[in-house]
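I opened the notebook to record a few look-ups on one model. The entries below follow the order in which I took them.

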Number of protein chains: 2
Amino acid sequence: MKIYDWHTGPYPARVRIALAEKNLQSRVQFVSVNLWKGEHKTPEFRAKNYSGTLPVLELDDGTCIAECTAITEYLDALDGAPTLTGRTPREKGRIHMMNKRAELELLDAISVYFHHATPGLGPEVEVYQNAEWGRRQRDKALNGMRYFNGVLTHQSFVAGEAFSMADITLIGGLIFAGLVELPVPAACEALQAWYARMQARPSVQNRVAISAPADASV
Amino acid sequence: MKIYDWHTGPYPARVRIALAEKNLQSRVQFVSVNLWKGEHKTPEFRAKNYSGTLPVLELDDGTCIAECTAITEYLDALDGAPTLTGRTPREKGRIHMMNKRAELELLDAISVYFHHATPGLGPEVEVYQNAEWGRRQRDKALNGMRYFNGVLTHQSFVAGEAFSMADITLIGGLIFAGLVELPVPAACEALQAWYARMQARPSVQNRVAISAPADASV
């Protein structure tokens, strides 16, 4: 299997963390697609993923699977333990709900802020920006942090009492928040404590180093 | 189980169709939440779903599961046949990818167009609008139709040769396109032929009638 990604990307981080949690890294070859050069927006790359986003999993027969949730579902179904997407109907439902909520209310909102209300990937790549929409999404993300802080006041992980895909997506959100210098509000103590625990996991610590191109600075 | 929804809503349609495909309607009680009165944005409803969107599945113990993909995962895991979310790793990966793509490139884009560049649910509910962003999303959705037309030129269903959750999501997108009067381009013959086949399915035909409030006109 190949993973097309960029070593510091917040969305690529989600799949790198999932691969490490499942202990599947040795089965994957990483191929760098330079976000800062817009290599993910070329016609060649869009033939692999119409939406022009990273990461993409390519199977040995050439089948491409884009979208982090879809790649995680694929990897999770390959192997039994640990399970990232749930075993019972209730676990599957709650994990997928919280996973989507972490995208909608935090990760995707910060992504829109980055691409629309900051220089983003630079003028060559950001050919259209809507700064007002970007700032709305930044404010949505800050509210999202407060929401997840409330969730993590009552439970140990994003979707309950076990680590799951939903934690990985929220980690992706806070990685992106760090890149755009949008700090977690000081009052969000439960969210900060959870993130400190997550950052101590080897899958999160080692995510960039597992495949960084030799000539890349960011 | 209860489903909180609105009988004509495109997102509620996704869960109504999934319930009918799984033959699970008799296990569900529908509760109307009037979108046109903004009942999904009240603090009481947001306690069930932070994001303030429909539909929401409430289990008998009070657990709430929001987000169509999460509800479909729950329902699909309850019962074996037919399977909407895939059996093998490859099926799961491709169905989740195409499901997300149908959201991103069509359904969600039309939703943003509706809420931001048309009167949407009216001035009481649409408290912030960004018309330029809404029009961009309309154009994205039209391109999404052309993309899915290409997909359906080569295969019978959105994620391959079997009906799945990804078809349901694209149906939701075209239901919404109909509501906002955004027709499928005439050149998209494969998409139109697929949609005609989908509209003939009992799950799609009967979705509004299974629970429409007596006093509702829209």
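What follows are my entries on symmetry, one helix, one pocket and two single residues.

**Entry: the model.** I am working with a predicted model. I keep that in mind throughout.

**Entry: how the chains relate.** I began with the general picture. Two copies of a chain are related by a rotation about an axis and a shift along it. I then looked up the values here. A turn of 180° and a shift of 0.0 Å along the axis lay chain A on chain B, with an RMSD of 0.0 Å. I noted this as the relation of a two-fold axis. Which C-alpha of chain A is nearest the axis? I found that of A:Trp133, 3.7 Å from the axis. Next I checked the interface. Of the interface residues of chain A, 100% are also interface residues in chain B, so the copies meet through the same surface.

**Entry: helix H5 of chain B.** I took the span of H5(B), residues 131-154. Its 24 residues reach 36 Å from first C-alpha to last, close to the 34 Å expected at 1.5 Å a residue. I then listed its buried residues, among them B:Trp133, B:Gly134, B:Gln137, B:Ala141, B:Tyr147 and B:Phe148. What do the buried residues of H5(B) pack against? In chain A, I found helix H4 (89-117) and helix H5 (131-154). In chain B, I found helix H4 (89-117), helix H6 (165-179) and helix H7 (189-199).

**Entry: B:Asn99.** I placed this residue in helix H4 of chain B. Is B:Asn99 buried or exposed? I read a relative accessible area of 2%, so B:Asn99 is buried, the cut-off being under 20%. Leaving aside neighbours within four places in sequence, I found B:Asn99 in contact with B:Arg14, B:Thr69, B:Met165, B:Ala166 and B:Thr169.

**Entry: A:His115.** I found this one in helix H4 of chain A. Its relative accessibility is 22%, so I logged A:His115 as partly exposed. Not counting residues up to four places away in sequence, A:His115 touches A:Leu121, A:Glu126 and A:Gln129. I also took one distance. A:His115 and A:Leu57 lie 58 residues apart in sequence and 24 Å apart in space, C-alpha to C-alpha.

**Entry: the second largest pocket.** I noted a volume of about 210 Å³. Of the 13 residues lining this pocket, I found B:Gly86, B:Glu91, B:Ile95, B:Ala162 and B:Phe163 closest to its centre. I sorted the lining by type: four nonpolar, four polar and five charged.

Terms used:
Residues numbered from 1 in each chain as written. Chains lettered and ligands numbered in written order. Predicted model: local features only at pLDDT ≥ 70, side-chain atom pairs only at ≥ 80, totals over all residues. Heavy atoms only, no water. Helix = DSSP H or I, 4+ residues; strand = E, 2+ residues; numbered from the N terminus. Expected span 1.5 Å × (residues − 1). Buried < 20%, exposed > 50% of the residue type's maximum accessible area, 1.4 Å probe, protein only. Contact = heavy atoms within 4.5 Å. 1 Å grid on protein atoms, 1.4 Å probe; cavity = no way out; pocket = protein on both sides within 12 Å on 5 of 7 lines; lining within 4 Å. Points joined across faces, edges and corners; volume = space filled by probe spheres on them. Nonpolar A, V, L, I, M, F, W, Y, C, P; charged D, E, K, R; others polar. Least-squares fit on C-alpha atoms with pLDDT ≥ 70 in both.
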